[in-house]
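Grab your favourite viewer and a coffee. Here is a short set of exercises, each with a solution worked out step by step.

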Amino acid sequence: MLIALGGLPATGKTTLARLLAARTGAVHLRIDTIEQALVRAGVAARPVGPAGYVVGYALAEEQLRLGLTVIADSVNPLAVTRDAWRDTAVRAGVPVVEAEVLCSDRAEHRRRVRTRTGDVPGMPLPGWPEVTGREYEPWDRDHVVVDTAGRTPEEALASLLAAMAPGPAPQARRR
């Protein structure tokens, strides 16, 4: 299966993806890591544009075809990127779960943006104006929503897992 996580920076996507990968043994593909590797290699400059996503789609499809579950971790800000992740799953013949990670508490989100430290060497972190000013299209189809505000990472993971399971999801919602 492909689990495509999206959401603005500092909402908890990577933390959630890492916990999910550790719990399930899934492959974690992080677009930030791919983009910074392209910059370090000298084949791209910031902003990288679609190149990191295109590499991510190819890597995900290859891993999915091997029978592995893949967690795609990216801002996934546009309908075109969301469609591309979905198309990747279709080509590989696997189901896809699309999940938007958000932090509904604006003050908490801003605090996270201001206080987080980078873990991808050389990659600059966006400030609050860059996070709130970036292009981010509303989701236009059914997807899982995980709100990390006021929750521990483990609680957010439980919410995602509950939303992915058959039946009602008490802590996450589908939109």
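The exercises below go through a predicted model, from confidence to helix faces, rings and single residues.

**Exercise 1. Find out how confident the predictor is in the chain, and which stretch has a pLDDT below 50.**

Solution.
- Start with the average: the protein chain comes out at a pLDDT of 92.
- Then look at the spread: 95% of the residues score at least 70.
- Now hunt for the weak spot: residues 168-174 have a pLDDT below 50. Beyond near neighbours in sequence, that stretch has 19 contacts in the model.
- Where pLDDT is low, the predicted coordinates should not be read in detail.

**Exercise 2. Check the span of helix 1, then work out how its buried residues are arranged around the axis.**

Solution.
- Helix 1 covers residues 13-24, which is twelve residues. At 1.5 Å a residue you expect 16 Å, and the distance from first to last C-alpha is close to that, at 16 Å.
- List the buried residues in helix 1: Lys 13, Thr 14, Leu 16, Ala 17, Leu 20 and Ala 21.
- Look down the axis: the buried residues of helix 1 fall within an arc of 160°, so they line one face.
- On the other side of helix 1, Ala 22 and Arg 23 are exposed.
- What covers the buried residues? The cover includes strand 1 (2-6), strand 2 (27-30), strand 3 (70-73), strand 4 (96-102), strand 5 and helix 7 (153-164).
- Finish at the end of the helix: just after helix 1, Gly 25 has a positive phi of about 80°.

**Exercise 3. Run the span and face checks on helix 7.**

Solution.
- Helix 7 has twelve residues, so 1.5 Å a residue gives an expected span of 16 Å. Its end C-alpha atoms sit 17 Å apart, which agrees.
- The buried residues here are Ala 156, Leu 157, Ser 159, Leu 160 and Ala 163.
- Those buried residues of helix 7 fall within an arc of 160° seen down the axis, so they line one face of the helix.

**Exercise 4. Count the aromatic pairs, classify their geometry and say which rings form a cluster.**

Solution.
- The count comes to two aromatic pairs.
- One of them is Tyr 53 with Tyr 57: the centres are 6.2 Å apart, the planes make an angle of 55°, and the pair is tilted.
- Why does the sequence spacing fit? Tyr 53 and Tyr 57 are four residues apart in helix 3 (residues 51-65), so about one helical turn separates them.
- Tyr 53 is buried at a relative accessible area of 10%, and Tyr 57 counts as buried at 13%.
- Tyr 57 also pairs with Trp 85, this time edge-to-face: 4.6 Å centre to centre and 85° between the planes.
- This pair links distant parts of the chain, with Tyr 57 in helix 3 and Trp 85 in helix 4 (residues 79-92), 28 residues apart. Trp 85 is buried, as is Tyr 57.
- Put the pairs together: Tyr 53, Tyr 57 and Trp 85 are linked into a cluster.

**Exercise 5. Find which ring face Arg 82 lies over, and what Arg 30 touches.**

Solution.
- Arg 82 lies over the face of Tyr 136, at 5.3 Å from the ring centre.
- Move on to Arg 30, which is in strand 2. Its relative accessibility is 11%, and since buried means under 20%, Arg 30 counts as buried.
- Not counting residues up to four places away in sequence, Arg 30 touches Thr 14, Arg 18, Asp 73, Asp 119 and Val 120.

**Exercise 6. Set sequence separation against C-alpha distance for three residue pairs, including Thr 69 and Gly 25.**

Solution.
- Thr 69 lies in the loop between helix 3 and strand 3, and is partly exposed at 29%. Thr 69 and Gly 25 are 44 residues apart in sequence and 7.9 Å apart in space. Leaving aside neighbours within four places, Thr 69 is in contact with Met 1, Ile 3, Ala 26 and Val 27.
- Val 145 is found in strand 5 (residues 144-147) and is buried at 1%. Val 145 and Ile 71 are 74 residues apart in sequence, with 15 Å between their C-alpha atoms.
- Gly 127 belongs to the loop between helix 5 (106-115) and helix 6 (128-133), and is partly exposed at 24%. Gly 127 and Gly 42 are 85 residues apart in sequence and 24 Å apart, C-alpha to C-alpha.

Definitions and conventions
Residues are numbered from 1 along each chain as its sequence is written. This is a predicted model: local features need pLDDT of at least 70, side-chain atom pairs count only at pLDDT 80 or more; totals for chains, interfaces and linings use all residues. Side-chain values use heavy atoms; hydrogens and water are left out. Rings of Phe, Tyr and Trp (its six-membered ring) pair if their centres lie within 6.5 Å; planes under 30 degrees apart count as stacked, over 60 as edge-to-face and the rest as tilted. Helices (H or I, at least four residues) and strands (E, at least two) are DSSP runs, numbered from the N terminus. Buried means under 20% relative accessible area, exposed over 50%, partly exposed in between (1.4 Å probe, protein chains only). A charge sits over a ring if NZ of Lys or CZ of Arg is within 6 Å of the ring centre and within 35 degrees of the ring normal. pLDDT is the predictor's confidence in each residue, from 0 to 100. Contact means heavy atoms within 4.5 Å. The expected span of a helix is 1.5 Å times one less than its number of residues. The arc is that of the directions from the helix axis to the C-beta atoms.
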